[in-house]
Amino acid sequence: MMNRTAVARRGDDALVTSDSTASVATARDAFERLTQRQLDRAYRFAATILGDEEEAQDAVHDAAVRAWTHWAGLRETDRFDAWFDRIVVNVCRDRLRQAGSRRWMASLDERSGQEVAESTGDRDLLARALAQLSTDHKIVIALKFLEDQSVEEIADRTGVRSGTVKSRLHYALRELRAGYEAALRSGSRSDT
Amino acid sequence: MKGDFEDELGALMSEKARLQAPAALRLRVSAIPDKVAPSDDRLGLGATTRAIAVCSVVLVAAIVVASAWLRFGSVSGAATPSTLPTTAASTAPIPLTLDTEAEWSLPPSAGLICPQARYGPGPVRVAKTGSAMVFIPRVTGVEERLVWPHGYTGRVVDGIAQLLSPSGQIVAHEGDLLELGGGLGPDGAFYVCSIEIVQP
């Protein structure tokens, strides 16, 4: 016959310490497996949004740290992709807010007119137009056209309603097209 | 022009889609230490979203507590199985009932005894039913009475049930699969002494 009271007295630390090591190891395995599987996707998304591959690496690393820090908050591993996407989106948004547009302006200013003229052409102009979009517009463009996500999926990742996503996509595309066409016209004038 | 724009956008995104995470990044992620500094920015939601979430949870919790108070007069006066007090949490917790042992009655030297018989029905899944915390055997699906050490509590935070040790540490969440160790008491209940999370 067990001694119930003795068990109860033993309770707290014995329970916690006996399972904690195994629990952390199991959780770490799951975190490692799921995160590594998503790294390519997270990285190309961050690189597209941030326009800088070094910055993208830092952002994805930050996102992974946040994911691990809050791993206990993930209740269904089936939801990991959406959960991690959301963290990556928020990390990129934070970084862009902190940096403002300085990075983009600097990277464009570093290029001389001659270099621009000799660049890869229309696609480069489009990339520059994309870089000029607002943070929210960049995010919806990348999620839609890079990640091929539905409006509902984008709403889930960005934390806004579907209607807002549709509106942002509409205006982002309009702005992107306008910027691209303006760059094309500007290029044509400089050629003549 | 329209066709050009869409073609170029498709081509640009295809170009980006070929990017792969550098090996250095994979190594950096693998090297994240098991223990990282806690952050108050859960999921990196940003300050505004976080503030809205906290306010919403506090408001809902206030409504729930007020409703309980109006209906029952008090939520803290019940006997075992009791509605147990909770410790501080990031969001307002809602208590869950949990069968626990009564007050201590043996001297501290008796505290080293901890039966480690494995719980017969096998691993149990942490769940909640109404205002009670329950542990459902994975194989049988039939709940049996478990008694936790004195001081253990249950609560709901953000809709997820949590099992806490007397010191307030979260030892399991809803959905976790636990292996239990302990022993049978004279009343037929299984008295838990150790747990192992076999599947978070």
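Reasoning from values to terms in a predicted model

Author: In this predicted model, A:R86 is buried, with 20 other C-beta atoms within 10 Å.

Reader: Why is A:R86 called buried?

Author: The term buried asks for 20 or more other C-beta atoms within 10 Å, and A:R86 has 20 of them, so A:R86 counts as buried. The residue is found in helix α3 (residues 80–99) of chain A, and its C-alpha atom is separated by 7.8 Å from that of A:D156, although the two are 70 residues apart along the chain.

Reader: What makes A:E153 partly exposed?

Author: A residue is exposed at 12 or fewer neighbours and buried at 20 or more, with partly exposed in between; A:E153 has 18 C-beta neighbours inside 10 Å, and therefore it counts as partly exposed. A:E153 is found in helix α8 of chain A, and its C-alpha atom lies 8.1 Å from that of A:A82, a residue 71 positions away along the chain.

Reader: Why is α7(A) called oblique to α8(A)?

Author: Helix α7 (residues 135–146) of chain A packs against helix α8 (residues 151–158) of chain A at an angle of about 135°, and their axes are 10 Å apart. Angles over 145 degrees would count as roughly antiparallel and those from 65 to 115 as roughly perpendicular, whereas the rest that are not under 35 are oblique, which is why α7(A) is oblique to α8(A). The crossing of the two is right-handed.

Reader: Which residues meet where α7(A) and α8(A) pack?

Author: From α7(A) come A:I139, A:V140, A:L143 and A:K144, and these meet A:I154, A:R157 and A:T158 in α8(A). Sorted by class, this contact has 4 nonpolar, 1 polar and 2 charged residues.

Reader: What makes α2(A) roughly parallel to α2(B)?

Author: Here the packing joins the two chains: helix α2 (residues 53–69) of chain A and α2(B) pack at an angle of about 25°, with their axes 10 Å apart. Angles under 35 degrees count as roughly parallel, so α2(A) is roughly parallel to α2(B). Their crossing is right-handed.

Reader: Which residues of α2(A) and α2(B) meet, and of which class are they?

Author: On the side of chain A, A:Q57, A:V60, A:H61 and A:A64 in α2(A) take part, and they meet B:L25, B:R28 and B:V29 in α2(B). By class, the contact has 4 nonpolar, 2 polar and 1 charged residues.

Reader: How do you know which element of chain B has the highest mean pLDDT and which the lowest?

Author: The mean pLDDT of each element gives the ranking: helix α2 (residues 23–30) of chain B has the highest at 90, and strand β1 (residues 82–83) of chain B the lowest at 38. Over residues 73–89 of chain B the pLDDT is below 50, and this stretch has 28 contacts in the model beyond near neighbours in sequence. The pLDDT also stays under 50 over residues 37–47 of chain B, for which there are 21 contacts beyond four places in sequence. Chain B as a whole averages a pLDDT of 72, and 68% of the residues score at least 70.

Reader: How many helices and strands are in chain B, and what part of its residues counts as buried?

Author: Chain B has 3 helices and 11 strands, and from the N terminus on the helices precede the strands. Of its 200 residues, 30% count as buried.

Definitions and conventions: Residues numbered from 1 in each chain as written. Chains lettered and ligands numbered in written order. Predicted model: local features only at pLDDT ≥ 70, side-chain atom pairs only at ≥ 80, totals over all residues. Helix = DSSP H or I, 4+ residues; strand = E, 2+ residues; numbered from the N terminus. pLDDT = per-residue confidence, 0-100. Contact = placed C-beta atoms within 7 Å. Axes fitted to C-alpha atoms, helices over the stretch in contact; angles between N-to-C directions. Left-handed = near helix turned anticlockwise from the far one by under 90°. Nonpolar A, V, L, I, M, F, W, Y, C, P; charged D, E, K, R; others polar.
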